[in-house]
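User: I am new to this structure and would like a close look at a single part of it, the first helix, followed by how the rest is arranged around the pocket. Please take it slowly and keep the reasoning in view.

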Amino acid sequence: AFVTSVITMLCIPGAILGGWVSDTLKTRKWVIVVGYVAFAISAIFLFTWTETWQLYIAVGVCGLFGPFATTNVFASSLDIMGPKNNGMGMAIIAFMQNIGSFIGGIALGYMQVAMGWGTASYVLFFPLIIIAILCTIFAKRLR
């Protein structure tokens with residue numbers, strides 16, 4: 001239980017650091033991409049670690065650099081939707097985040113029976129993270 005809590009504890013300074021980096025560099029797009037790449041790198045070890053050190057590297061990278069994406073995705077709502085529709089943008093982000101968790105949990109439950117949880121996690125995660133990276137890079141209204 002402690003190891004899974006480490007990610008959450010590291011997200012606190014990671015979110016602050018992600019916001020600070022975004023403000024310093026004056027870009028959300030590339031900070032989000034860095035966060036997504038950090039998720040992808042940590043996922044290499046996160047689903048099929050064989051040594052304890054691999055687990056801690058994955059937890060550390062995911063906890064400290066993953067919030068670069070999440071913090072700036074929520075902050076980018078204003079950039080993309082504008083001040084008038086910012087509330088709707090935040091609602092869309094929250095809805096999509098939760099529907100993704102709902103559908104992903106169900107899909108993983110069915111897929112893990114046939115593939116095992118590590119392989120099923122890879123099959124679900126990596127295509128989606130690649131799509132997220134590409135969508136972020138090609139988003140025209142995101143600075």
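Analyst: A residue is called buried here when its relative accessible area is under 20%, exposed when that area is over 50%, and partly exposed in between. With that in hand, and keeping in mind that this is a predicted model, we can begin with helix α1, which covers residues 2-25.

Helix α1 has 24 residues, and from its first C-alpha to its last it reaches 34 Å, close to the 34 Å expected at 1.5 Å a residue. Along the way there is a kink of about 35° at Cys-11, a position that comes shortly before the proline Pro-13. The residues of α1 that are buried are Val-6, Gly-14, Gly-18, Gly-19, Val-21 and Ser-22, and these buried residues pack against three other helices, namely α2, α3 (52-65) and α4.

Ile-12, which also has its place in helix α1, gives a contrast to that buried set. Its relative accessible area is 57%, and because the cut-off for exposed is over 50%, Ile-12 counts as exposed. The C-alpha of Ile-12 is nevertheless 8.2 Å from that of Leu-64, although the two residues are 52 apart in sequence. A further pairing that involves α1 starts from Gly-19, one of its buried residues: Gly-19 and Ala-75 are 56 residues apart in sequence, yet their C-alpha atoms are 8.7 Å apart in space. Ala-75 belongs to helix α4, and with a relative accessibility of 29% it counts as partly exposed.

Just after α1 comes Lys-26, which lies in the loop between α1 and α2. Its phi is near 60°, a positive value in a residue other than glycine. Lys-26 has 60% relative accessibility and therefore counts as exposed.

On the other side of that loop is α2, which spans residues 29-46 and includes Ser-42. Ser-42 has a relative accessibility of 1% and so counts as buried. When its neighbours within four places in sequence are left aside, Ser-42 is in contact with Ala-58, Val-61 and Cys-62.

From these helices we can turn to the pocket. The largest pocket holds about 1,700 Å³ of space. It is lined by 38 residues, and those closest to its centre are Tyr-36, Met-96, Gln-97, Ile-129 and Ala-132. The elements that give two or more residues to this lining are α2 (29-46), α4 (67-81), α5 (86-115) and α6 (117-137). By character, the lining divides into 26 nonpolar residues, twelve polar ones and no charged ones.

The element that gives the most to that lining is α5, with eleven residues. Helix α5 itself has 30 residues and reaches 41 Å from its first C-alpha to its last, which is close to the 44 Å expected at 1.5 Å a residue. Within α5, Gly-89, Ile-93 and Met-111 are buried, and what covers the buried residues of this helix includes α4 and α6. After α5 comes Gly-116, whose phi is positive, near 90°.

Helix α6 has 21 residues, and its reach of 30 Å from first C-alpha to last is close to the 30 Å expected at 1.5 Å a residue. Its buried residues are Gly-118, Ala-120, Ser-121, Ile-129, Ala-132, Ile-133 and Thr-136, and they pack against α2 and α5. Two of these names have already appeared, since Ile-129 and Ala-132 are among the residues closest to the centre of the largest pocket.

The segment after α6 contains Lys-140, which has 80% relative accessibility and so counts as exposed. The C-alpha atoms of Lys-140 and Ile-80 are separated by 8.8 Å, while the residues themselves are 60 apart along the chain.

To return to the part you asked about, α1 has a kink at Cys-11, and its buried residues pack against α2, α3 and α4. Of those partners, α2 and α4 are among the elements that give two or more residues to the lining of the largest pocket.

Key
Residues numbered from 1 in each chain as written. Predicted model: local features only at pLDDT ≥ 70, side-chain atom pairs only at ≥ 80, totals over all residues. Heavy atoms only, no water. 1 Å grid on protein atoms, 1.4 Å probe; cavity = no way out; pocket = protein on both sides within 12 Å on 5 of 7 lines; lining within 4 Å. Points joined across faces, edges and corners; volume = space filled by probe spheres on them. Helix = DSSP H or I, 4+ residues; strand = E, 2+ residues; numbered from the N terminus. Nonpolar A, V, L, I, M, F, W, Y, C, P; charged D, E, K, R; others polar. Expected span 1.5 Å × (residues − 1). Bend = angle between axes of the 7 residues up to and from the residue. Buried < 20%, exposed > 50% of the residue type's maximum accessible area, 1.4 Å probe, protein only. Contact = heavy atoms within 4.5 Å.
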